Number of protein chains: 2
Amino acid sequence: MRIALLGGTGDIGQALALRWARDTDHEILVGSRDPERARGKADEYETELDSVGVEREVKGFANEMAADRADVVVLAVPAFHVRDLVESIADRIEDADVLVSPAVGMDRDDEGFHYKPPKAGSVTKLVADAAPEGVPVVGAFHNLSADRLANLDVELDLDTLVVGDDEDAVGTVVQLADQIDGLRALKAGGVANAAEVESLTPLLINIAVENEGMHDVGVTFE
Amino acid sequence: MRIALLGGTGDIGQALALRWARDTDHEILVGSRDPERARGKADEYETELDSVGVEREVKGFANEMAADRADVVVLAVPAFHVRDLVESIADRIEDADVLVSPAVGMDRDDEGFHYKPPKAGSVTKLVADAAPEGVPVVGAFHNLSADRLANLDVELDLDTLVVGDDEDAVGTVVQLADQIDGLRALKAGGVANAAEVESLTPLLINIAVENEGMHDVGVTFE
């Protein structure tokens, strides 16, 4: 399978690229607005993988080109860029592709981080509304610490939640998540349930801030 | 310490009463609108504790009387009863007491459960607004499965999140939570951060519904 990480030069994009490249045989495409930057980062990821004994090709492209080539397209950009990104790749994605939304709208005040969904109700719903008709949208990977994932020395023992209205697409993303060592995908229902999933992200940051010794907090359900 | 569980005949009230009675020396007061019902339930809890080898007195009272006698008052009623309950006990609680809010506003549709906070922004905030000036309010125990807690055969290995603006009151509730075997309290900041904590509850139910073999889902952070 070909996975494009758009905004794959950012922290969660890097984290997923490294983990998938190390733990699976899927082809990893790093996307960026600037293809030169994408190629530079892809080279960096190759070097990092090499340092842990994994010889792997990672390719860099402009976002549109990466989306065009991929089966699964992860929108690894901040929430306020998501809509523009979806529009910019709309004519490059097909019904057979899967769009994956990991972004969360948050704001911060003196008290901590707060969930701040877009008017659509959640970023996942915003993506579902903006995506071309027929292209399935799945929310996933919201609640993972990019720093923790990007450090390949760290063994994971974490869950991530997956929401979506298209069963096949959800199944694809659940499988991709489960293929990362130490990560378990759990389903949380349809796109209508995305807000509760996304609002876990500011909560995890608040927990890290408020409790001594907790950093890059992740979650497990049992 | 004296802990009053108002609405202590309901499921989360029962669960906390049994765990605190078994695992601590705190005096447990079960409150209900109907004092006869409170006394009947208190007797039931005593019998259940006796069956696991714990000889313990549990007392039942009308909610107002239980609140009057207690140092920590847990509002273990559904979200839509919380404001009335706080008003009904307002002249029975003092600045030295701590009000604890475990309730969550939710609704349900075909997709699943959704977080539905009151206009105040969260149930914890609603309680803070309704409480007499000077009485500290702490949100806690939202994300615990009452069925799992009420079954004393089940060994816990769960976290619960605590929010509040009064450091001493938060410290008291953190300690009370930590005193339950297998439960760990984590702080999540002030009352302003309660919505993210409360919205975990519908998420846990959705996860239980959507994933085979998961029941009474709880959460741990790491």
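**Entry 1. The contact between the chains**

I began with the contact, to which chain B gives 37 residues and chain A gives 37 residues. I note at the outset that the model is predicted. I then looked up the area: chain A and chain B bury about 2,800 Å² between them, and 54% of this lies on carbon and sulfur atoms. On the side of chain B, I asked which residues lose the most area to chain A. They are Glu196(B), Leu203(B) and Glu222(B), which together account for 25% of what that side buries.

**Entry 2. The sheet of chain A**

I traced an open sheet of 8 strands in chain A, with mixed pairing. The order I recorded is β3-β2-β1-β4-β5-β8-β9-β10. Which strands stand at the edges? I found β3 (58-62) and β10 (183-187) of chain A there; each has a single partner strand, so one side of each lacks a neighbour in the sheet. From one strand to the next, the twist averages 25°.

I looked more closely at one pairing within this sheet. Strand β1 (residues 2-6) and strand β2 (residues 27-32) of chain A run parallel and are joined by 5 bridges. Opposite Ile3(A), I found Ile28(A) in β2(A).

I next noted the helices that pack on these strands. Helix α1 (residues 11-23) of chain A lies across β1, β2, β3 and β4 (72-75) of chain A, and its direction is at about 160° to β1(A). Helix α2 (residues 35-51) of chain A also packs on the sheet, where it touches β2 and β3 of chain A. The direction of α2(A) makes about 165° with that of β3(A).

**Entry 3. Aromatic pairs**

How many aromatic pairs does a search of the whole structure find? The search gave 2 over all chains. In one, the ring centres of Trp20(A) and Phe141(A) are 5.4 Å apart and the planes stand at 90°, so I recorded the pair as edge-to-face. This pair links distant parts of the chain: Trp20(A) belongs to helix α1 of chain A, while Phe141(A) sits in the loop between β8 (137-139) and α6 (146-150) of chain A, 121 residues apart. I checked whether these residues are buried or exposed. Trp20(A) is buried, at a relative accessible area of 0%, and Phe141(A) is buried as well, at 1%.

In chain B, I found Trp20(B) and Phe141(B) with ring centres 5.4 Å apart and planes at 90°, so this pair is edge-to-face. Trp20(B) lies in helix α1 (residues 11-23) of chain B and Phe141(B) in the loop between β8 (137-139) and α6 (146-150) of chain B, so the pair ties together parts 121 residues apart in sequence. The relative accessible area is 0% for Trp20(B), which is buried, and 2% for Phe141(B), which is buried too.

**Entry 4. Helix α4 of chain B**

I listed the buried residues of helix α4 (residues 82-89) of chain B: Val82(B), Leu85(B), Val86(B) and Ile89(B). Why are they on the same side of α4(B)? They cover an arc of only 100° around the axis, which places them there. I recalled the general rule that an α-helix has 3.6 residues a turn, so residues three or four places apart point the same way. The buried residues of α4(B) pack against β1 (2-6), α3 (63-69), β4 (72-75), β5 (98-101) and α5 (123-130) of chain B.

**Entry 5. A hairpin in chain B**

Finally, I looked up β6(B) and β7(B), which form a hairpin with 2 residues between them. Strand β6 (residues 106-109) and strand β7 (residues 112-115) of chain B run antiparallel, joined by 4 bridges. Met106(B) has Tyr115(B) as its bridge partner in β7(B).

Definitions and conventions: Residues are numbered from 1 along each chain as its sequence is written. Chains are lettered from A and ligands numbered from 1 in the order in which they are written. This is a predicted model: local features need pLDDT of at least 70, side-chain atom pairs count only at pLDDT 80 or more; totals for chains, interfaces and linings use all residues. Side-chain values use heavy atoms; hydrogens and water are left out. Buried means under 20% relative accessible area, exposed over 50%, partly exposed in between (1.4 Å probe, protein chains only). The arc is that of the directions from the helix axis to the C-beta atoms. Contact means heavy atoms within 4.5 Å. Two strands pair if DSSP finds at least two bridges between them. Axes are lines fitted to C-alpha atoms, for helices over the stretch in contact, and angles run from 0 to 180 degrees between N-to-C directions. Rings of Phe, Tyr and Trp (its six-membered ring) pair if their centres lie within 6.5 Å; planes under 30 degrees apart count as stacked, over 60 as edge-to-face and the rest as tilted. Buried area is the accessible area (1.4 Å probe) that two parts lose on being put together, summed over both.
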